[in-house]
Amino acid sequence: MNKKPLILGIETSCDETAVSLITENEQGIPIVLSNIISSQVDVHKEFGGVVPELAARSHIEKIDWIVQKAIDDSGRKIEEIDAIASTAGPGLIVCLSIGLSFGKAFASTLNKPFIAVNHLEGHALSPKLNSELNYPYLVLLISGGHSQFLSVNDLGKYTRLGTTIDDALGEAFDKTAKLLGIEFPGGPQIEVLAKKGDPNKYELPKPIFNKGGCNLSFAGLKTAILKIAKNIKTDQEKFDLAASFQKTVTEILYKKTKIAFSEFEKQNNPKEKIFVVAGGVAANQSIRDMLINLCNEKSYRSIFPPIELCGDNAAMIAMVGLEKFKLNQFDNLDHPAKPRWPLDEKAAFLKGAGVKF
Ligand code: KG4
Ligand code: ZN
């Protein structure tokens with residue numbers, strides 16, 4: 001029996017310090033041996049958003065013991081590790097640098113290969129941690145930092161079908177929550193308030209709804225909500241606004257996902273149609289229900305990774321490391337941290353006021 005690779009993954013691109021050890025079984029199915037995630041919500045709460053310098057300081061304080069705990073929890077010994085994989089981008093440069101430098105130093109000390117991982121590639125491959133699936137498949141990543149449709153064609157081969165041209169969906173949830181006086185990160189609370197509200201009370205804009213393919217835009221919603229929130233007097237109005245916001249973004253996602261399905265099918269002609277939804281916003285039940293219905297309607301198999309693999313984690317970084325390790329795809333120790341690192345280098349940069357469709 002050949003020894004199966006043991007990969008240690010490190011993730012520090014934003015406000016989660018995470019370390020994981022994974023391996024695989026005889027059939028090549030990944031096994032997560034440990035998956036430690038330390039969130040910094042309390043550090044950033046009073047500022048209403050992630051403060052990069054504070055996030056970096058917190059990563060520095062925690063990284064040693066989180067690596068140690070991940071190794072201890074895995075039941076393996078440090079000498080058994082075959083490679084170290086660290087997120088190198090995209091993300092906050094001061095945060096990326098911590099996990100990247102730690103990973104490089106650790107690899108160098110152990111005299112093992114180092115693998116620099118694209119965080120988005122981690123999200124894209126995360127469903128492979130707990131579901132058997134073949135390429136190609138379609139991913140919708142909806143988190144606090146990203147909102148995009150990706151066709152995952154093969155390892156290292158991605159086509160971005162659509163992206164947000166301004167705010168990420170999680171960011172829109174958090175900003176709406178802030179306008180309603182809810183603490184950061186308020187996204188999950190919007191879902192709670194929405195249950196008590198009338199989703200048809202407020203008519204909100206749906207930017208680029210009828211153009212721009214499956215690209216997304218949420219910044220206009222925030223402006224509309226700001227105006228309404230100023231005049232809100234009762235709790236019921238608050239609930240109504242939360243419900244109207246949630247209904248509007250669900251309708252936007254319904255329409256844009258349908259477009260993404262047809263673009264994915266046109267490009268890939270897949271044998272089995274698979275749709276993966278990852279990122280923190282995938283926890284939202286009304287968005288989930290809508291996407292599951294759409295998948296049933298269009299004959300897609302829907303996959304929602306468990307929440308600990310949906311948000312930022314290091315198991316997904318180790319997963320990319322494992323795939324690359326098997327192909328001897330290693331990186332040099334001078335690999336830079338890349339705050340911007342699109343998975344599909346050919347896709348146009350679609351951010352800012354100048355974007356026209
Ligand atoms: O993927 P994630 O855990 O972390 C990163 O963004 O990197 O996603 C966090 C985002 C936050 O914006 C949070 O408000 C949002 O996901 N979120 C939700 C829900 N749970 C988390 N948004 C809407 N409904 C939820 N139930
Ligand atoms: Zn992420």
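Two strands pair if DSSP finds at least two bridges between them. Keep that in mind as you walk through this predicted model, starting with its strands.

**Stop 1: the open sheet**

Select strands 6 to 10. These 5 strands form an open sheet in the order 8-7-6-9-10, with mixed pairing. At the edges you will find strand 8 (157-163) and strand 10 (301-303), each of which pairs on one side only. Look at the tilt from strand to strand: neighbouring strands of this sheet are turned by 20 degrees against each other on average, direction ignored. As background, strands of a sheet pair through backbone hydrogen bonds, either parallel or antiparallel.

**Stop 2: strand 7 and its two hairpins**

Now select residues 147-154, which make up strand 7. Is this strand enclosed or open to the outside? Of its 8 residues, 6 are buried, so strand 7 is largely enclosed by the rest of the structure.

Follow strand 7 to strand 8 next. The two run antiparallel and are joined by 6 bridges. Pick out Gln148, and you can find its bridge partner, Thr163, in strand 8. Strand 7 and strand 8 form a hairpin with 2 residues between them. Click on Gly156 in that turn, where phi is positive at about 80 degrees.

Then turn to strand 6. Strand 6 and strand 7 also pair in the antiparallel sense, over 6 bridges, and they form a hairpin with 4 residues between them. Show Leu138 here: opposite it stands Ser151 in strand 7.

**Stop 3: strand 6 meets strand 9**

Stay with strand 6 (residues 137-142) and add strand 9 (residues 274-278) to your selection. These two run parallel, joined by 4 bridges. What stands opposite Leu140 in strand 9? The residue to select is Val277.

Now add helix 9 (residues 285-297), which lies across strand 6, strand 9 and strand 10. Helix 9 runs at about 175 degrees to strand 9.

**Stop 4: Asn284**

Between strand 9 and helix 9 there is a loop, and Asn284 lies in it. Is Asn284 buried or exposed? Anything under 20% relative accessible area is called buried, and Asn284 counts as buried because its relative accessibility is 4%. To see what surrounds Asn284, select Phe173, Glu191 and Gln246, which it touches when residues up to four places away in sequence are not counted.

**Stop 5: Trp341**

Jump to Trp341, in the segment after helix 11 (315-326). With a relative accessible area of 14%, Trp341 is buried too. Beyond its neighbours within four places in sequence, Trp341 is in contact with Ala88, Gly89, Pro90, Ala116, Val117, Asn118, Leu120 and His335. For a distance to try in your viewer, pick the C-alpha atoms of Trp341 and Gly122: they are separated by 13 Å, although the two residues are 219 residues apart along the chain.

**Stop 6: a pocket**

Finish at the second largest pocket, which holds about 220 Å³ of space. To find it, select Gly28, Lys128, Ser131, Glu132 and Leu133, the closest to its centre of the 16 residues that line it. Which helix gives the largest share of the lining? That is helix 11, with 4 residues. Colour the lining of this pocket by class and you will see 7 nonpolar, 4 polar and 5 charged residues.

How values were computed: Residues numbered from 1 in each chain as written. Chains lettered and ligands numbered in written order. Predicted model: local features only at pLDDT ≥ 70, side-chain atom pairs only at ≥ 80, totals over all residues. Heavy atoms only, no water. Buried < 20%, exposed > 50% of the residue type's maximum accessible area, 1.4 Å probe, protein only. Contact = heavy atoms within 4.5 Å. 1 Å grid on protein atoms, 1.4 Å probe; cavity = no way out; pocket = protein on both sides within 12 Å on 5 of 7 lines; lining within 4 Å. Points joined across faces, edges and corners; volume = space filled by probe spheres on them. Nonpolar A, V, L, I, M, F, W, Y, C, P; charged D, E, K, R; others polar. Axes fitted to C-alpha atoms, helices over the stretch in contact; angles between N-to-C directions.
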